[in-house]
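Good morning, everyone. Please pull up the sequence and the structure, and follow along as I go.

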Amino acid sequence: MHTATARRTAATPSTVRETLECRPEAAAHARHLTSSFLEGLRPAPGQGAADAVMLVVSELVTNAVRHSGGRFCSLRVSADPDAITVAVGDASRVPPHRRSPDVRGEGGGFGWPMISGLATATTVREEPGGKTVTAIIARRGRVSGRATTAPTPN
């Protein structure tokens with residue numbers, strides 16, 4: 001279910017959008033799309049920013065597959081001269097939250113702190129039929145971020 005890929009220059013916003021089935025291979029497909037998108041950006045983002053974007057995409061899509069309970073999730077990756085924005089929508093209204101990481105590797109708990117640390121800003125917006133989690137990553141370098149929950153639209 002591929003939609004459009006816009007022009008990929010920093011002078012004009014560029015975006016890739018995809019609807020993904022919530023299956024285990026969704027994260028790999030999202031990483032592939034995102035990698036191709038990043039390779040086409042001019043000027044190219046710094047390596048740290050590209051790595052951060054890939055980690056955020058992987059984590060957000062994996063969480064949507066594991067926890068949303070929906071059949072589909074959405075991926076949107078866009079760029080402007082200063083930042084790359086990753087947005088993943090899913091069918092759950094439950095926002096991500098910090099919890100104690102399971103160091104035995106069975107229960108997770110590492111993803112949301114990692115995303116919050118890689119992004120300059122994160123938002124969670126409740127929407128009809130679910131939520132969208134958005135992370136903004138600076139194109140040059142990594143900057144610690146903060147998490148916020150957007151108000152529910154009336």
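Let me start with a word we need. A residue counts as exposed when its relative accessible area is over 50%, and as buried when that area is under 20%. Now try it on H32. This residue is found in helix α1. Its relative accessibility is 51%, so H32 counts as exposed. Keep in mind that this is a predicted model.

H32 also gives us a first distance. Go 22 residues along the chain and you reach M54. The C-alpha atoms of H32 and M54 are separated by 9.2 Å.

Now the overall layout. The chain has 154 residues, and 42% of them count as buried. It holds 3 helices and 7 strands. Starting at the N terminus, the order is β-β-α-α-β-β-α-β-β-β. Next, contacts. Take those in the chain with a separation of 6 or more. Of these, 66% join residues that are 24 or more positions apart.

On to the helices. How do α1 and α2 lie relative to each other? Their axes cross at roughly 155 degrees and come within 9 Å. Angles over 145 degrees count as roughly antiparallel. Therefore α1 and α2 are roughly antiparallel to each other. The crossing of α1 past α2 is right-handed. Who makes the contact? On the α1 side we have A26, A27, A30, R31, T34, S35 and L38. On the α2 side they meet A50, V53, M54, V57, S58, V61, T62 and V65. Sorted by class, this contact has 10 nonpolar residues, 4 polar and 1 charged.

Helix α2 has another partner. It covers residues 47–67, and it packs against α3, residues 111–118. Here the angle is about 150 degrees, and the axes are 10 Å apart. So α2 and α3 are roughly antiparallel to each other as well. This time the crossing is left-handed. From α2, the contact uses A52, L55, V56, E59 and L60. From α3, it uses G111, M114, I115 and L118. The classes here are 7 nonpolar, 1 polar and 1 charged.

Now look at the loop between α1 and α2. P43 lies in that loop. The peptide bond from R42 to P43 is cis, with omega near -5 degrees. L41 has its place in the loop between α1 and α2 too. Is L41 buried or exposed? Its relative accessibility is 0%, so L41 counts as buried. L41 and D80 are 39 residues apart in sequence, yet 9.6 Å apart in space, C-alpha to C-alpha.

Let's move to the core. The largest nonpolar core has 33 residues. Which of them have the most contacts inside it? They are V56, V57, V61, L75, V77, V86 and I137. Several elements supply at least two residues each: β2, α1, α2, β3, β4, α3 and β6. The element that gives the most is α2, with 9 residues.

Let me pick two residues from that list. The first is L75, in strand β3, which spans residues 72–79. Its relative accessible area is 4%, so L75 is buried. Leave out residues up to four places away in sequence. L75 then touches V16, R17, E18, L20, A30, T34, V57, V86, A87 and V88. Take T34 from that set. L75 and T34 are 41 residues apart in sequence, and their C-alpha atoms are 9.4 Å apart.

The second is I137. Again, skip neighbours within four places in sequence. I137 is in contact with A49, A52, V53, V56, D82, A83, I84, V86, L118 and A119. Among these, A52 and V56 belong to the α2 side of the contact with α3, and L118 to the α3 side.

One last residue: T85, in strand β4. Its relative accessible area is 15%, so T85 is buried. What does T85 touch, residues up to four places away in sequence not counted? The answer is R76, V77, S78, T134, A135 and I136. Among these is V77, one of the residues with the most contacts inside the largest nonpolar core.

To recap the helices: α1 and α2 cross right-handed, while α2 and α3 cross left-handed. And α2 gives the most to the core. Thanks. I'm happy to take questions.

Key. Residues numbered from 1 in each chain as written. Predicted model: local features only at pLDDT ≥ 70, side-chain atom pairs only at ≥ 80, totals over all residues. Heavy atoms only, no water. Axes fitted to C-alpha atoms, helices over the stretch in contact; angles between N-to-C directions. Helix = DSSP H or I, 4+ residues; strand = E, 2+ residues; numbered from the N terminus. Parallel < 35°, antiparallel > 145°, perpendicular 65-115°, else oblique. Left-handed = near helix turned anticlockwise from the far one by under 90°. Contact = heavy atoms within 4.5 Å. Nonpolar A, V, L, I, M, F, W, Y, C, P; charged D, E, K, R; others polar. Buried < 20%, exposed > 50% of the residue type's maximum accessible area, 1.4 Å probe, protein only. Core = buried A, V, L, I, M, F, W, Y, C linked by side-chain atoms within 4.5 Å.
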